[in-house]
Amino acid sequence: MARKTTKKTTKKTTAATSETTTKKTTRGTSRADGQALVIVESPAKARTIGRFLGPGYTVKASMGHVRDLPKSKLGVDVAQNFQPTYTVLKEKLPVVKELQESVQRARELILATDPDREGEAIAWHLIEATRAHDKPVRRIVFHEITEEAIREALAHPRGIDMRLVNAQQARRVLDRLVGYEISPLLWRKVKSGLSAGRVQSVALRLVVDREREIQAFVPQEYWTIEVDLVPTGNGAQEPVPFAAALVRVRGEKPDLPNEEAARAVARELEASQYWVVSVKERQKQRRPAPPFITSTLQQEAGRKLRFPVSLTMQLAQQLYEGVELGPEGSVGLITYMRTDSTQVAASAQQRAREVIAARWGADFLPERPPVYAKKAKGAQEAHEAIRPTDPARDPESVRPYLTPRQYQLYRLIWERFIASQMAPAIYDTVTGEIAAGPTVGADAPYLLRATGSVVRFPGFLVVYREERDEDEVDELDQRPLPPLATGEVLRLLAVRPEQHFTQPPPRYSEATLVKTLEELGIGRPSTYAPTIETLKQRRYVVVEDRKLVPTELGMLVTDLLVQHFPDVVDVGFTSRLEEELDEIAAGERDWVPVVREFYEPFHRQVEEAEQTMERVRLADQPSGEVCELCGRPMVIKESRFGRFLSCSGFPECKNKRPLLEKIGVRCPQCGEGEIVVRRSRKGRTFYGCSRYPDCDFVSWERPTGERCPQCGGVLVVSVRRGQESVRCSSCSYRPAEEKAPVEA
């Protein structure tokens, strides 16, 4: 009940705040000549900033970009040093007209757009679009929307940084040249509606190349052997069993390619004596991860929260621009979310240390605030990592005012930042080397190793533990070993040979694709989310079990681009071009020569491809079904919403229907329909009843067809770190997993 009351209060406060802001804005724009006009991108940001400014300011929102290259033509004069022609976006004409009127009445214009290249370009476009050349113009930059940051920015204004504007302009011109010249070629040679992009096409190639690696992979069988041992138990306590892995056979690494070889060694181990050769005890530290930058936030939100990259950035934008916190009004909860710097302001570190000391004690504080290294290249977009604007504002204190997803993301950012300022975790690790042979103390043919660890001091782990990718192993996350002594004789409980097969590299998830793009220097923080969204919208990739799978169309387009435009889809070439854009931003290069060096050979490739690229079409796939209207075969076709069945007699017969991929499971809700695979508009796979809309059962995870023995809920297949496991969708039940050991 208290939660509902809080929400009502929040709504009333929001409305009141909006009304106050509106009245102030109306006064400022109609009668208060001589006020300073502040322009930001969004209404939420305007509301938050408006709280900190006095009556001498009017704050307005541009609603994002106001000018761009025209949609109907190239808009770049190649012959005149690639001079771009910008036009006011049609949907922004009323906004620009209102801003023009406000600029004319204002005594000065203050541009408070985002602190990166794109924000700098928006500020420059606003001057041009509002014809503010005869007005004093100040540019202010801040990385968090707090009163202290806004006041500090107003005290240190500057002019427009044309180096950043030109870097962004070069990127826009390059992307327009690539898209405008290759996309129509793909329309003519493949099908209409396709697109190519400088970063997009490289990202697609990574996904396609990985898929082909997987398809070409030939699994190799191999076996491992573990044994279960127990100390002989001379003490009063019950001895604790532990596992040890076979690491040497007669001084060599074990070669167990098949069951026959593994069983032969297992039989010898079953007849062996076991004793401890050595025990090494060490203390190891685990340091906390740095606070988030854009790419690591997208990765961790994908791993921990299962958020798509676009959703993560949408929520982060909301938290940055401001959320209504009841009586406090609109408050910016996090710093700017497009950044590749791990630097943290000293004041924020000090505030975090106060929070840590108060909650967990002085032992959890490092001697000095930690410093995390910057990237050598490209860490100039913004000057701080992503962190809470006030570390004392913990997630639970703002939870009543946030949506569930906003709360999840804010909690992730808050915990990661607080942990980054805490002391390392300390582990006691033990490595025991164990000999096995016919007689204790003699030269042993077999060497086994047991490792264990225990947390001596949890440090930052009391707040946050970083999630790992499916192919990463946590060497410190192990069970403790019982006390062992050199020369101690051990008793064998069981020998466990286990079959394995080498695994292909995993498909990219959105998170791991972002990680790879960043490591390769492809794109920048602001490009990751729109790049992945474009791949999904164009149906170049689909999402299956949270993995990016290239479609036949995506593979075809990639093959054509690799054949005819090798530079455009070359990772190294694209990475070097990103470095050149950084050099433009730093004032080390002029943007026109950079564009010219790219365009001239690229345009020759386009002209050659016009003559040599063969016309190809994706063949309709037979479905094995017959049209119920005319009797002709139904074929499988592709659209941007997925595959569907269409009559092969089209256009004479326009019959079509969804392609329902059945998984062999009866619907657990209605019991009549079958569970089929469906895809959302954004390409994400989910499971639903074939009788929709009569039955509305849906699940993001694949139902098994069985019920939970505890609550009767639906058992589903959950994929975590590439491993499938069965769980209940309604409670915490998971079926027990058992292994059958070879008894000694």
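This dialogue walks through some helices and strands of a predicted model.

Biologist: Let us begin with a helix, H4; how far apart are the end C-alpha atoms of its 14 residues?

Modeller: One can check a helix against the rise expected for each residue, and at 1.5 Å a residue the 14 residues of H4, residues 117–130, should span 20 Å. In this predicted model the end C-alpha atoms of H4 are 20 Å apart, which agrees with that expectation.

Biologist: Is H4 largely enclosed by the rest of the structure or largely open?

Modeller: Here a residue is called buried when its relative accessible area is under 20%, and twelve of the 14 residues of H4 are buried, so the helix is largely enclosed by the rest of the structure. Among them are Arg117, Glu120, Trp124 and His125, together with Ala121, Ile122 and Leu126. Just after H4 comes Arg131, whose phi is positive, near 55°.

Biologist: What describes two packed helices?

Modeller: Two packed helices are described by the angle between their axes and by the distance between those axes. For H17, residues 571–585, and H18, residues 591–612, the axes come within 10 Å and cross at roughly 165°. Angles over 145 degrees count as roughly antiparallel, and H17 and H18 are therefore roughly antiparallel to each other. The contact is made by Phe573, Leu577, Glu580 and Ile584 on the H17 side, and by Trp591, Val594, Glu597 and Phe598 on the H18 side. As for its handedness, the crossing of H17 and H18 is left-handed.

Biologist: Turning to sheets, in what order do S1, S2, S7 and S8 stand?

Modeller: These four strands form an open sheet in the order S2-S1-S7-S8, and their pairing is parallel. S2 (57–61) and S8 (137–139) stand at the edges with a single partner strand each, so one side of each is left without a neighbour in the sheet. On average, neighbouring strands of this sheet are turned by 25° against each other, direction ignored. Within it, S1 (residues 36–40) and S7 (residues 108–111) pair in the parallel sense over four bridges, and Leu37 has Leu109 in S7 as its bridge partner. A helix, H2 (residues 43–50), lies across S1 and S2 and runs at about 165° to S2.

Biologist: Which pairing, parallel or antiparallel, is found in the open sheet of S23, S24, S25 and S26?

Modeller: The pairing there is antiparallel, and the strands follow the order S23-S24-S25-S26. Its edge strands are S23 (661–666) and S26 (698–699), each of which pairs on one side only. S25, residues 685–689, pairs with S24, residues 674–679, over five bridges, and with S26 over two bridges. Looking at single positions, Arg678 stands opposite Phe686 in S25, while Gly688 stands opposite Val698 in S26 and Tyr687 stands opposite Ser699 in S26.

Biologist: Which residues lie on each side of S25, and are they buried or exposed?

Modeller: The general idea is that side chains in a regular strand alternate between the two faces of the sheet. In S25, Thr685, Tyr687 and Cys689 are on one side, with Phe686 and Gly688 on the other, and all are buried, so that both faces are covered. Five of the five residues of S25 are buried, so this strand is largely enclosed by the rest of the structure.

Technical notes. Residues are numbered from 1 along each chain as its sequence is written. This is a predicted model: local features need pLDDT of at least 70, side-chain atom pairs count only at pLDDT 80 or more; totals for chains, interfaces and linings use all residues. Side-chain values use heavy atoms; hydrogens and water are left out. The expected span of a helix is 1.5 Å times one less than its number of residues. Buried means under 20% relative accessible area, exposed over 50%, partly exposed in between (1.4 Å probe, protein chains only). Two strands pair if DSSP finds at least two bridges between them. Axes are lines fitted to C-alpha atoms, for helices over the stretch in contact, and angles run from 0 to 180 degrees between N-to-C directions. Angles under 35 degrees count as roughly parallel, over 145 as roughly antiparallel, 65 to 115 as roughly perpendicular and the rest as oblique. A crossing is left-handed if the near helix is turned anticlockwise from the far one by less than a right angle, and right-handed if clockwise. Contact means heavy atoms within 4.5 Å.
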